[in-house]
Amino acid sequence: MSTDALIDYADATARFDPVLGIEVHVELGTASKMFDGAPAHFGAAPNTAITPTSVGLPGALPTLNRTAVEYAIKIGLALNCQIAQVCRFERKNYFYPDVPKNFQTSQADEPIAFDGYLDVELEDGTVVRVEIERAHMEEDAGKNTHVGGATGRIHGATHSLVDYNRAGIPLVEIVTRPITGVGDRAPEVASAYVRTLRDIFVALGVSEARMERGNVRADVNLSLRPGPDAPLGTRTETKNVNSFRSIERAVRYEISRQAAVLDAGGTVVQETRHFHEDTGATSSGRVKSDAEDYRYFPEPDLVPVAPSREWVEQIRASLPEMPAVRRRRLQTEWGFSDEEMRDAVNAGAVDLIEATIAAGAAPVAARKWWMGQLARKAKDDGVGLAELNVTPAQIAELQGLIDAGRINDKLARQVLQGVLAGEGDPEQVLIDRGLEVVSDDGPLLEVIDATLADQPDIAEKIRSGNMGPIGAVIGAVMKATRGQADAGRVRELVMERVQA
Amino acid sequence: MSTLNTAEVARLAALARIDLTPEETERLTGELDVIVEAVATVSTVAGDDVPATSHPLPLVNVFREDEVTETLDPQEVLSQAPEQEDQMFAVPQILGEDA
Amino acid sequence: MSDLTTLTAAELAQRLASGEITSVQATQAHLDRIGAVEEQIHAFLNVNTDEALAAARQVDEQRAAGADLPELAGVPVAVKDVVVTKGQVTTAGSKMLEGWVPPYDATLVTRLRAAGMPILGKTNMDEFAMGSSTEHSAFGPTRNPWDTSRVPGGSGGGSAAAVAAFEAPIAVGTDTGGSIRQPAAVTGTVGVKPTYGSVSRYGLIALASSLDQAGPCARTVLDAALLHDVIGGHDPLDATSLADPAPSFASAARQGAEADLTGVKVGVVRELTGEGYHPGVEQRFTESLELLTAAGAEVVEVSCPSFHAALAAYYLLMPSEASSNLARFDGMRYGLRVLPEEGPVTAERVMAATRGAGFGAEAKRRIILGTYALSAGYFDAYYGSAQKVRTLVQRDFTAAFEQADVLVSPTAPTTAFPLGAKIDDPMAMYRNDIATIPANLAGIPGLSLPSGLAEDDLPAGFQILAPARADDRLYRIGAALEARQHHAWGGPLIDRIRPQEASA
């Protein structure tokens, strides 16, 4: 659908310096909405999660959810922000059918949190510090479904249907200062920033932070300039990019597109753009102009919020360890190399490894399982590690069986297959499948004696110091016991027999 | 600064989403011009040192606990809507905005 | 006229409690009265006959069963149509909401129902409470029971006229810049704008959120206090509702009726007299001051120099808030929807067509004025400056209340003007609010009671203002003045309406 001229990405970033600005909206996981007691849940039947306030009925008034404010302060503190001593809500006035009052209650001049930063680690370990301008509280809009056009698109629709269940769900919007000096890594930085934020939301417990549900939505501002010393160029804002990969693609596309515009002597139009998952392109939305006059003024129906120092410090003291700090601590505790740790992080295995260790496994063993056989299985099945049908406790149990010498590595892999297949815990699978290592010498000696009797030259060679043929004896024993023998023990027994 | 013309009134009416007839625009322009001139005096009254008052009584920190309360019966609300469909508010096609 | 309609709410309550009358009788008497005079007065937009009688019957049954009932149980009440009532059409005097049946009750309505008060109906008003004459109602004006060629004031002309015409013993009004007090003044009744936050705003169709306040309309100070006691008190659904418990206003009124005012300082606000105030209005005001002095009060003069800017500040702040509060009336979720006469039918164009057709001239004027005051480039000069004036007005009140326990002034500069006299002159209409607006800007309470008939034989009003949260002072001093007036006049002023209205 795009007819945009593009230039090669490497060329674009060689000739222009990209500047990013990212606005992230996160839906808070409170029980009720920001300004009324309607449930703030996902997936209810249309217009069932509404009160007079959330549907904007005449006469209805807002009341402020204390937990939403607490979550906003948590986010602010986690982003190293100052927390306002006093702040107010303002009305952002604009007409749109999914905005039930035709104004959004938001914060403009006085955000609850401001002047912070977030250190973002890229895949190769590079750390980029992103400065946070502000984090403010506001309410979500309802949802429009467009009817009569192609697949719910707005264009060609005959009419729209509005569901106000989402209207009034608490949001915190986090706005960065311009992110400069990242060059051709801008797409990666944008994506890593949002991913880092997402991890923080989860760690704080303030949101389910599920991108696919729109719990976390990113608007990406991008502009190009000739070089780091040049003034900022005209930016575009690509709205509601809802996956990490899409963020990268959208930034990459905008860099190539804007570079082509500038390269051809044109000017970038300040506008909202939309990202299309299917094509990886952005397209022009509405042109941002001065006509957009939101007529902000202090929300008279809500009184100012003045978080006491005690409250803020209490919240600060209750903050969980931030994901990045935790990773550094765990890496040290576990003795992982940088690369091992990064792989574990990128695979989403950190929590699983930690739980496996907590259940009794050694760090090396826990990593080996989750980053080895299980990682391959998850990849084959196209699912996340956490979605596999195995728990950290089961992995720890499995490793315990190896450590106790009851199974060897090869058997352990079979046991794991059984666990993944839903046959039960490792012990159960081991018993049911009869996979336990044969630890009684009797059956082993029977096979050893029979083998040595069949091939008397083998015993002779071993006695004369030629250890080569011992492997054949061990192999025969393993075959006869379907692998359930301990190879070390078999070797000992063979030596005893030939020396005898 | 109180000179309002019909173009400005038309711009404001568009911002306020109100269709005005040309006669209404004309009449409102005259009326508003008089009113604006009368109220414009406020800017000469208070100095920079005077703080703004947004709320008549100085309350702060009025919160509601995060508890779910009773919700409305969707059919009761939708029965008052100009048009409904599939338990949603049916509205005319939306143009010129975010998809 | 039935005897029962001439009784005050307090008298009705007493007879109901003693079993002398039933609520059905009291309610029916008022419904009959409504039926008899509405054609001339048009105080109501909707009369809820069946529901009112059902509520009356219920309270009668409860009383018969020996239930311990609230003081006003069984006393019927009228409610301004800006207050939402579940299951009863609520329009706020606008075509925009014609036929709208709210799915919920305003908190004050919940309290009326809990108090066992049958709601007679919804009273007429200027559209969305924008006006000082009730001529801006989309459903036709209300007429002043003292002279049906004149306005009953506004925006709550319906509630005031209903009470003055004995269609209801008491009524609920709302006051953003004087909409309870100014109609009370020009209809010879009592009206109180409580301290901002004293009565919940939840369920009041908002005009200007930081100024709106619901309050009682009555024929006596005690009745107003009794109704204030019912509808007031903290409401968790209104973030601006005052949490501190209020004293009983009825007790204050009862004490006041007997009280000697020795030691009470009454401050006359210099800026709210003189130019623009009709001589007859000023004369009656002075006479009431003399009654206060005779009761022992000390009268002092105070000055509130920034009041000269209050009207201008009000006519920036109120339209600004209104422009945002009224944005929700767009034809999408409830109420009127109008399609554009030509061109594509888009949501944006339907909104504009609906608002163009649904709002009356005054609503459009104020919405556009407010849009202007809030728009980029003008905000600081207009809205920002007006907020500063608000600070100055508050400071003036603070200083004045250091010199006096209450402040007084005429409620409105004139008596009721003829229908149509100011309809085409917005500024002249706005100037009716000059004495009532400062209280709204500062959030303080104000009461208007009659001061007599001016030279045109029409009622004039006497306004008493008290510091925030000191509403009880209004009732105490108001009742004291009222008792002296009745003594001096040989009875309530409202009694003098009868010969005239009998011919109406």
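**The chain C and chain B interface, and a pocket in chain A**

Across the interface of chain C and chain B, 17 residue pairs, both at pLDDT 80 or more, are in polar contact (N or O atoms within 3.5 Å, one able to donate a hydrogen and the other to accept it; residues adjacent in sequence count only through side-chain atoms on both sides). This is a predicted model, in which local features need pLDDT of at least 70 and side-chain atom pairs count only at pLDDT 80 or more, while totals for chains, interfaces and linings use all residues. Residues are numbered from 1 along each chain as its sequence is written, chains are lettered from A in the order in which they are written, and side-chain values use heavy atoms, without hydrogens and water.

On the side of chain C that touches chain B, H14(C) gives the largest share, 12 residues. That side divides into 37 nonpolar, 17 polar (Gly counted here) and 12 charged residues. In total, 66 residues of chain C are in contact (heavy atoms within 4.5 Å) with 55 residues of chain B. There are 5 salt bridges between the two chains (a Lys or Arg side-chain nitrogen within 4 Å of an Asp or Glu carboxyl oxygen). Arg365(C) forms a salt bridge with Glu31(B), with 2.8 Å between the closest N and O atoms.

Chain A brings in another feature, the second largest pocket. Its lining has 40 residues, and Arg195(A), Arg198(A), Asp199(A), Val345(A) and Gly348(A) lie nearest its centre (a pocket is an open set of points on a 1 Å grid over the protein atoms alone, where a 1.4 Å probe fits, with protein on both sides within 12 Å along at least five of seven lines; lining residues have an atom within 4 Å of a point). The lining of the second largest pocket divides into 16 nonpolar, 7 polar and 17 charged residues.

Definitions and conventions:
Helices (H or I, at least four residues) and strands (E, at least two) are DSSP runs, numbered from the N terminus.
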